[in-house]
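This tour proceeds from the whole chain to individual contacts. Please have the structure open in a viewer and make each selection in turn.

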Amino acid sequence: MVDSYYYGFDWTYILVVIGGLISLWASSNVKSTFKKYSRIRSVSGLTGAEAARRLLKEAGIYDVSVEHIKGHLTDHYDPKSKVLRLSDSVYGSDSIAAISVAAHECGHAMQHDEDYEPLKIRSAIVPAANFGSRFGIYIVIAGVLLSYFQPLITLGIILFSFGMIFQLVTLPVEFNASARALSVLKEKEMLVGDENTYAYKVLKAAALTYVAAAAASFLSLMRLILRYGGKSKER
């Protein structure tokens, strides 16, 4: 049977488009939410950097430094060098959004300090995920070009799936970091009253970007399985 590929239309691309739209929505949502609450200054007057240093000290973490990094929402915790890097819109800002993001990154430092198991698992699969995400699709294409050599196609799909597995493992890591952030901000009264609700909205929007990334990765994997998995191409 000759499928729709030969007529110039591959319906499985719809899955990729859906994944892309989900990711675009999540990205737009987090940017708009961050922008909204970056206009509201916190009562404490703490900047993102000051909040991060205070939170690390409160957690008994003294070997993690806080640095400034260029960019917008490029904030991250580097476990190898034990550096918490905060972006232009977070490091020196005293907004609720800035403090929320800084606290979230501190949550990752706390996870690292406590040997949080999901974080260890995520770190362990990074090499395989990077390799699979980068080369898996090319191995699938190579298998297709070699007269639909199924073992090679299957290998490519398996390698590509490592990227999705990474995205799934990332979810509990990010959710836990946000939960830690919200809890400690309220406990230490670094945010008060409605500020805690605003912080929740900022971190919820950020969390949805990871959910969207996992969904997009899953849909891309499904496309490969439906399009190339387990059957030979009839000509």
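Begin with strand 3 and look for Val-83, which is the bridge partner of Ser-65. Please keep in mind throughout that this is a predicted model.

**The strands**

Val-83 has a further bridge partner to select, Asp-78. Now display strand 1 (residues 65-68) together with strand 3: the two pair in the parallel sense over four bridges. Add strand 2 (residues 76-78), which pairs with strand 3 in the antiparallel sense over three bridges. Strand 2 and strand 3 form a hairpin with four residues between them. In the turn of this hairpin, select Lys-82, whose phi is positive, at about 55 degrees.

Next, show the side chains of strand 3 (residues 83-86). Are its faces covered or open? Both are covered: Val-83 and Arg-85 lie on one side, Leu-84 and Leu-86 on the other, and all four residues are buried.

**The whole chain**

Zoom out and colour by secondary structure. The chain holds seven helices and three strands, and from the N terminus on, the order of elements is α-α-β-β-β-α-α-α-α-α. The C-alpha trace spans about 70 × 35 × 25 Å along its principal axes. Of the 235 residues in the chain, 44% are buried.

**Salt bridges**

The structure holds 11 salt bridges; three are visited here.

Select Asp-10 and Arg-223, which form a salt bridge whose closest N and O atoms are 2.8 Å apart. Asp-10 lies in the segment before helix 1 and Arg-223 in helix 7, so this pair ties together parts that are 213 residues apart in sequence. Both residues, Asp-10 and Arg-223, are buried.

Return to Lys-82 and add Asp-63: these residues form a salt bridge with the closest N and O atoms 2.5 Å apart. Lys-82 sits in the loop between strand 2 and strand 3, and Asp-63 in the loop between helix 2 (48-58) and strand 1, 19 residues apart. Lys-82 is partly exposed, with a relative accessible area of 30%, and Asp-63 is also partly exposed, at 44%.

Then select Arg-85 and Glu-67, whose salt bridge has its closest N and O atoms 3.9 Å apart. Arg-85 belongs to strand 3 and Glu-67 to strand 1, so the pair ties together parts that are 18 residues apart in sequence. Why does Arg-85 count as buried? Its relative accessible area is 19%, and buried means under 20%, so Arg-85 falls within that class. Glu-67 is partly exposed, with a relative accessible area of 35%.

**The largest pocket**

Display the largest pocket, which has a volume of about 820 Å³. To find its centre, select Asp-75, His-76, Glu-105, Glu-174 and Tyr-210, which lie nearest to it among the 29 lining residues. Then colour the elements that each supply at least two residues of the lining: helix 1 (13-37), strand 2, helix 4 (96-113), helix 5, helix 6 (150-187) and helix 7 (194-228). Which helix gives the most to this lining? Helix 5 does, with six residues.

**A nonpolar surface patch**

Finally, stay with helix 5 (residues 117-145) and select Phe-135, which is located there. Phe-135 is partly exposed, with a relative accessible area of 32%. Add Phe-131, Tyr-138, Ile-141 and Leu-145: with Phe-135 they form a nonpolar patch on the surface, with about 540 Å² of accessible area together.

Terms used. Residues numbered from 1 in each chain as written. Predicted model: local features only at pLDDT ≥ 70, side-chain atom pairs only at ≥ 80, totals over all residues. Heavy atoms only, no water. Patch = residues over 30% accessible without salt bridge, like charges linked within 9 Å, V, L, I, M, F, W, Y side chains within 5 Å. Areas by Shrake-Rupley, 256 points an atom, 1.4 Å probe, with all protein chains shown as cover. Salt bridge = Lys/Arg side-chain N within 4 Å of Asp/Glu carboxyl O. Buried < 20%, exposed > 50% of the residue type's maximum accessible area, 1.4 Å probe, protein only. Pairing = 2+ DSSP bridges. 1 Å grid on protein atoms, 1.4 Å probe; cavity = no way out; pocket = protein on both sides within 12 Å on 5 of 7 lines; lining within 4 Å. Points joined across faces, edges and corners; volume = space filled by probe spheres on them.
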